[in-house]
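Student: I would like to take a close look at one part of this chain, the sheet and what lies against it. Please go through it step by step.

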Amino acid sequence: MSERASSEGAAEAATDFEDLFESAPCGYLSTDKDGRIIRANQTFASWTGFTTETLATKRLSDLLTVAGRIFYETHFAPMLHIQGSFNEVALDLLTSQGRKLPVIVNAVERRDDAGHPAFIRFTLFVAAERRSYELGLLEARDTAQATVAAERADSELREQFIAVLGHDLRNPLAAIASGVRMLEREKLGERGRTVLSLMEGSVVRAAGLIDNVLDFARGRLGGGITLSRDASEPLEPVLRQVVAELRAIAPDQEVEAHYSINDPVNCDRVRIGQLLSNLLGNALTHGAKDQPVRVEATTNADTLTIAVTNGGAPIPASAMARLFHPFQRGDDRVRHQGLGLGLHIASEIANAHGGSLTVRSDETDTRFTFTMPLIVP
């Protein structure tokens, strides 16, 4: 290659490099070690509204906001000197019209042969859209946090209200129950006995609803299901009493009960009675009226099993997945009275005992089965 051709190639390369520097899609700056601008490309000049000649009379810090200038002097410049480079620092420049221009800055410090700082190269990218995006994310986060906090406060208020309401309902209900027991000792006609039986059933149902509401509120407020375990007293009398109470509520529905509890059960007898009451009440409500409801309570070497079975239409597949969730009912096609807490509380009682509550439902029957270890692990 001739010297002339080589010279022309070098000139063309220099022209290309100069064009690349001046019209690059990012801003280029060179400053001395003290931050005085030595050279700025045309892109950076266009962004700021200053001429390249004017920029050459300024320091980089002159183009920063007050907050940016403090950050530059106290953090950016010292760390750049220590590290030798800085990447993706967000700063705000001030244009010639005094407007803020958000940028992302990368910087590299160059040193001379003796290792002393010689000059600094800066590459800058306009970050207006990125900054808007980041601010939008922050606003969305703050809004979401505020919404969550408000919902949590509302939820806590509702649950506290439920707890107080359930507690305050116990006193008048206890008075009604006491009055019913007093009337049972009086001589009443057949109609009076019928009315008294209905009142007694209503008291039992209301007491069960209040217990479920209070347990649900305690669970949501952090207390959870509390247990008072005792293996010294028999469990069977409690279960028999529950069955007798619900038979009284539904005298036209047949309930078959079989008990074979031959081992001590380390459990909270009242809670297990509540579990059976919820399961049996659910079966009497949703089961076929012309088929008996079966209750089985048995123990083997290490497990207590209580099962409640009823006939009738199976539980819809769509309801099975959420059957033990609060405020759910086994069959949405039938609008029965109740809060839909019974199965949820029964499941929580089972979990508190280290056991489980499962359900199987088909065209033949629906069976809820509670199992728990006889001895606490």
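Student: Which residue in β10 does Thr303 stand opposite?

Tutor: The model is a predicted one. In it, the residue of β10 that stands opposite Thr303 is Pro373. That pair belongs to a longer run of pairing: strand β8, residues 303–310, and strand β10, residues 366–373, are joined by eight bridges. The two strands run antiparallel. Strands of a sheet pair through backbone hydrogen bonds, and the pairing can be parallel or antiparallel.

Now widen the view to the whole sheet. It is open and has five strands, placed in the order β6-β7-β8-β10-β9. The pairing in the sheet is mixed. At the edges are β6 (255–260) and β9 (356–361), each of which pairs on one side only. Going from one strand to the next, the twist averages 10 degrees.

Two helices pack on this sheet. One of them, α8, touches β6, β7 (293–299), β8, β9 and β10, and its direction makes about 20 degrees with that of β8. The other is α10, residues 342–352, which touches β9 and β10. The direction of α10 makes about 135 degrees with that of β9.

Stay with α10 for a moment. Eight of its 11 residues are buried, and α10 is described as mostly covered. The buried residues include Leu343, Ile345 and Ile349, and also His344 and Ser347. Gly342, Ala346 and Ala350 are buried too. Just after this helix comes Gly354, with a positive phi of about 75 degrees.

Next is the edge strand β9. It is joined to β10 by six bridges, and these two strands run antiparallel. One of the paired positions is Ser361, whose bridge partner in β10 is Thr366. β9 and β10 form a hairpin, with four residues between them. So that you can place β10 in the order of strands, note that β8 stands on one side of it and β9 on the other. In a regular strand, the side chains alternate between the two faces of the sheet.

Helix α8 also leads to another feature, the second largest pocket. Its volume is about 740 Å³. The lining has 28 residues, and the closest to the centre are Val204, Ala207, Asp211, Gln241 and Glu245. Four elements give two or more residues to this lining: α5 (128–184), α6 (190–220), α7 (236–249) and α8 (269–286). Thus α8 appears twice in this account, as a helix that packs on the sheet and as a contributor to the pocket lining. The most comes from α6, with 10 residues. By class, the lining holds 11 nonpolar, seven polar and 10 charged residues.

Last, some background on the chain around these parts. It has 10 helices and 10 strands. Of its 377 residues, 34% count as buried. Among contacts with a separation of 6 or more, 56% are between residues 24 or more positions apart. The bridge between strands is one way to see pairing, and a contact such as that of Thr65 with Asp92 is another kind of link. Thr65 and Asp92 are 27 residues apart in sequence, yet their C-alpha atoms are 6.2 Å apart in space. Thr65 sits in the loop between α3 (52–55) and α4 (66–83), and it counts as buried because its relative accessibility is 12%, under the 20% limit.

Methods:
Residues numbered from 1 in each chain as written. Predicted model: local features only at pLDDT ≥ 70, side-chain atom pairs only at ≥ 80, totals over all residues. Heavy atoms only, no water. 1 Å grid on protein atoms, 1.4 Å probe; cavity = no way out; pocket = protein on both sides within 12 Å on 5 of 7 lines; lining within 4 Å. Points joined across faces, edges and corners; volume = space filled by probe spheres on them. Nonpolar A, V, L, I, M, F, W, Y, C, P; charged D, E, K, R; others polar. Pairing = 2+ DSSP bridges. Axes fitted to C-alpha atoms, helices over the stretch in contact; angles between N-to-C directions. Contact = heavy atoms within 4.5 Å. Buried < 20%, exposed > 50% of the residue type's maximum accessible area, 1.4 Å probe, protein only. Lists of a residue's contacts leave out its neighbours within four places in sequence.
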